[in-house]
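User: I'm new to reading protein models. Could you walk me through one, feature by feature?

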Amino acid sequence: MHDRLTDIYDRLLERYGPRDWWPADSRFEVMVGAVLVQNTAWSNAEKAIRALSEAGLLSPQALRSTGQDQIAQLIYSSGYYNMKAKKLKALVEWLGERDDDIEALMAEDPATLREDLLAIHGIGEETADDILLYALDMPVFVIDHYTKRLLHRLGLAPEKGPYALYQRLFTDHLPPDVPLFNEYHALIVTHAARVCKKEPVCGECCLLSLCPTGKART
DNA sequence: TACCAGGAGAAAA
DNA sequence: TTTTCTCATGGT
């Protein structure tokens, strides 16, 4: 499995190049972005982040002292703006309980911190892992819909299963390498946006630029 | 016009 | 506990 996963990674990296994730100016901005991008195109989330930044609200303290309705207005472009405003408030309240010390979070045990993140309203497994990996530099592999679909198409995993099943597939067979996990997930997302999205499954061909269905985009 | 996008929580079955 | 519903804008 290690060689298989490494081979897929190498092919993706060769085809798409380094993705330079996560695009943000601070660790806190990564956390905010992880919430705003939930089930939303990054371009829409990005506009919302810019709006928060221009309003001077891209800090835990500023978001705590701003009304949920005002935040919702600013992040309108990201969709689900009422829900996401509530989620951002929950996130910064949690950070406040930890003195907004994000650097200190990085010294914590990843598994324990993950449980704490999951207890925050609006932070599910994928968002928690986004934060652990991309904001806090912890060797946690992020699983999303794309990753499940890719593994299934390549015959490496069942179509349905718990999050942890897919995650272990990577973490059990790859070294806990932050740059590797960072790049791998980013490459999968990049790849997923460019290959045929619907069945029939074209499987391996999507990775090899040899899609016989002719549906692979370039 | 319909579908999809770097999900998660609540309600229903 | 597993499935279904709701949240919502913007690009293709």
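Analyst: Sure, we'll start with confidence and the overall fold, then go to the core, the DNA and a few odd spots in the backbone.

User: What average pLDDT does chain A have?

Analyst: This is a predicted model, and pLDDT is the predictor's own confidence in each residue, from 0 to 100. Chain A averages 91, and 89% of its residues score at least 70. Watch residues 210-218, though: pLDDT stays under 50 there, and the model has 19 contacts beyond four places in sequence for that stretch.

User: How many helices and strands does chain A have?

Analyst: Chain A comes to 13 helices and zero strands. If you walk from the N terminus, you go α-α-α-α-α-α-α-α-α-α-α-α-α. A handy idea for any such helix: there are 3.6 residues a turn, so residues three or four places apart point the same way.

User: Which domains does the assignment give for chain A?

Analyst: The domain assignment gives domain 1 (2-19 + 141-208) and domain 2 (27-135). Notice that domain 1 is written as two stretches of the chain. The C-alpha centres of the two domains lie 25 Å apart. Where they touch, six residues of domain 1 are in contact with six residues of domain 2. On the domain 1 side, those residues split into four nonpolar, one polar and one charged.

User: What share of contacts joins residues at least 24 apart in sequence?

Analyst: Take the contacts in chain A between residues at least 6 apart in sequence: 58% of them join residues at least 24 apart.

User: What share of chain A is buried, and how many residues are in the largest nonpolar core?

Analyst: To judge burial, count other C-beta atoms within 10 Å of a residue's own: 20 or more makes it buried, 12 or fewer makes it exposed. Of the 218 residues in chain A, 30% count as buried. The largest nonpolar core has 48 residues, and Leu-36, Leu-88 and Ile-131 have the most contacts inside it. Both domain 1 and domain 2 give residues to this core, so it lies between them. For a look at one of its members, pick Leu-88: leaving out residues up to four places away in sequence, Leu-88 touches Val-32, Val-35, Leu-63 and Ile-71.

User: Why is helix 9 said to be largely enclosed?

Analyst: You count its buried residues. Nine of the eleven residues of helix 9 (residues 125-135) are buried, so the rest of the structure largely encloses this helix. Among those buried residues are Asp-129, Asp-130 and Ile-131. The cover over them includes helix 2 (27-36), helix 8 (110-118) and helix 12 (178-192).

User: Which residues are closest to DNA strand B, and which helix gives the largest share of that surface?

Analyst: For a DNA surface, list the residues around the strand, then ask which elements they come from. DNA strand B is surrounded by 25 residues, with Gln-38, Asn-39, Gly-124, Glu-126 and Thr-127 the closest. Helix 9 gives the largest share, four residues. By class, that surface has ten nonpolar, nine polar and six charged residues.

User: And what about DNA strand C: which classes do the residues near that strand fall into?

Analyst: They divide into five nonpolar, seven polar and no charged. The residues around DNA strand C include Asn-39, Thr-40, Ser-43, Tyr-80 and Tyr-81. Helix 3 (42-54) and helix 6 (81-97) are the elements that give two or more residues, and helix 6 has the largest share with three.

User: Which peptide bond is cis?

Analyst: To spot a cis bond, look at omega. From Trp-21 to Trp-22 the peptide bond is cis, with omega near -5 degrees. Trp-22 sits in the loop between helix 1 (2-16) and helix 2.

User: Where does Asp-20 lie, and is Asp-20 buried or exposed?

Analyst: Asp-20 lies in that loop between helix 1 and helix 2. Its phi is positive, about 55 degrees, although Asp-20 is not a glycine. Asp-20 has 9 C-beta neighbours inside 10 Å, so it counts as exposed. Now try Asp-99, in the loop between helix 6 and helix 7 (102-105). Phi of Asp-99 is also positive, near 55 degrees, and Asp-99 is exposed, with 9 other C-beta atoms within 10 Å. One more positive phi, near 55 degrees, belongs to Asp-137, which follows helix 9.

Technical notes:
Residues numbered from 1 in each chain as written. Chains lettered and ligands numbered in written order. Predicted model: local features only at pLDDT ≥ 70, side-chain atom pairs only at ≥ 80, totals over all residues. Near = placed C-beta within 6 Å. Nonpolar A, V, L, I, M, F, W, Y, C, P; charged D, E, K, R; others polar. Contact = placed C-beta atoms within 7 Å. Domains from an automatic or database assignment. Core = buried A, V, L, I, M, F, W, Y, C linked by C-beta atoms within 7 Å.
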